[in-house]
Each structure stands twice: as C-alpha cells, then as structure tokens.
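Welcome, and please take a look at the model below. A short tour of its helices and core comes after it.

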Amino acid sequence: MSALERVARYLVVKQLADLGYVVDFIYAYFSGGSLGDAQRFGLSKTCARGYVQRIIEYCNGSFFRARAIVRHVYRFVKQLEPVILRIDGVARCTICGAELVPHHHVLQEHVARRHPDRVDDAVEKVIDAVVRSVKRVSNA
Ligand SMILES: [Zn+2]
C-alpha cells in the first residue's frame, strides 16, 4: 500500500465514522498548526499527537510527505457523507442499522471492520480525485 493510500484510508475511516473534527484537526496541524490547536477541535493533546504520529509513520517518517498528502486528500475526504448518525447520545450506523456507543474507537472499529467495502470504495474515490486534480495542475 502506498503512503497516499494509507493516509487516505486512515482519514476516510474517520470521516465515515462521523469523526470529521479529527480530520479537520489533522488538516489544520499540517497546514501550519500545532498540537496546541487540539483543544479547539475537542481533542486531547495526547490523542492529537497520536493521530499526527500515525500519519507521519504512514509516510515513512517524512513530515513533508505527510503534509503534502494530507493537503491533497483533505477536501475530497470531507466530501464523503458519514455513515454514522448521532442522535441524542446514541450513534446509529446507516448501513446496517446497528446502535453503537458513540465513542470514537467504537465508531471507527465498526466502520472499518463491518463495512470494509464501503471504506474501499471511498478510498478509491478519494485517490482518483487526488490523481485527477494533480494531473490538472501539472497540465496547466
Ligand atoms: Zn454498520
């Protein structure tokens, strides 16, 4: 799996699991932000550091590569409709109807393990869009 695919998959699962605020934090961080911004996105610094470290790992330790990939995939990931719907403190999966504890770990696990096809489709869509947008820029 390429770094692009790994990062795209990581962000797609979060977006589909209705954790778009995590995706927003990661984008802000790699757009010149810092771990100090975590709170503004409703995240602890420890969690935020974990997300950032994971992304950099996926890019074989390169911060610059991570930054480039996050900036390219962000807007396409954000266009994806979450499959988890939260109502009155309960989360429901719109694909299978399961009721879930609205904890980020539970939601992510559900999406990644129960609906891998949906994740694969979304990752493919995001990567296609990135490749097309990069081509457009290089042809201009
Ligand atoms: Zn489900």
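The text that follows covers the core, one helix pair and the start of the chain.

This is a predicted model, in which local features need pLDDT of at least 70, side-chain atom pairs count only at pLDDT 80 or more, and totals for chains, interfaces and linings use all residues. Residues are numbered from 1 along each chain as its sequence is written.

Let's begin with the core. The largest nonpolar core (buried Ala, Val, Leu, Ile, Met, Phe, Trp, Tyr and Cys residues joined through C-beta atoms within 7 Å) has 39 residues. Among those with the most contacts inside this core are V7, L11, I26 and V70. Six helices (DSSP runs of H or I, at least four residues) each give two or more residues to this core, as the table shows.

| Helix | Residues |
|---|---|
| α2 | 20–30 |
| α3 | 45–58 |
| α4 | 63–78 |
| α5 | 104–114 |

The other two are α1 and α6, and α1 gives the most, with 8 residues.

Now for that pair. Helix α1 (residues 3–16) packs against α6 (residues 116–139) at an angle of about 125°, with the axes 9 Å apart. That makes α1 oblique to α6, a word for angles that are not under 35 degrees, over 145 or from 65 to 115. The contact (C-beta atoms within 7 Å) includes L4 and A8 of α1 and V119 and A122 of α6.

Finally, M1 lies in the segment before α1. M1 counts as exposed (12 or fewer other C-beta atoms within 10 Å) because it has 10 C-beta neighbours inside 10 Å.

Definitions and conventions
Axes fitted to C-alpha atoms, helices over the stretch in contact; angles between N-to-C directions. Contact = placed C-beta atoms within 7 Å. Buried ≥ 20, exposed ≤ 12 C-beta atoms within 10 Å, placed from the backbone.
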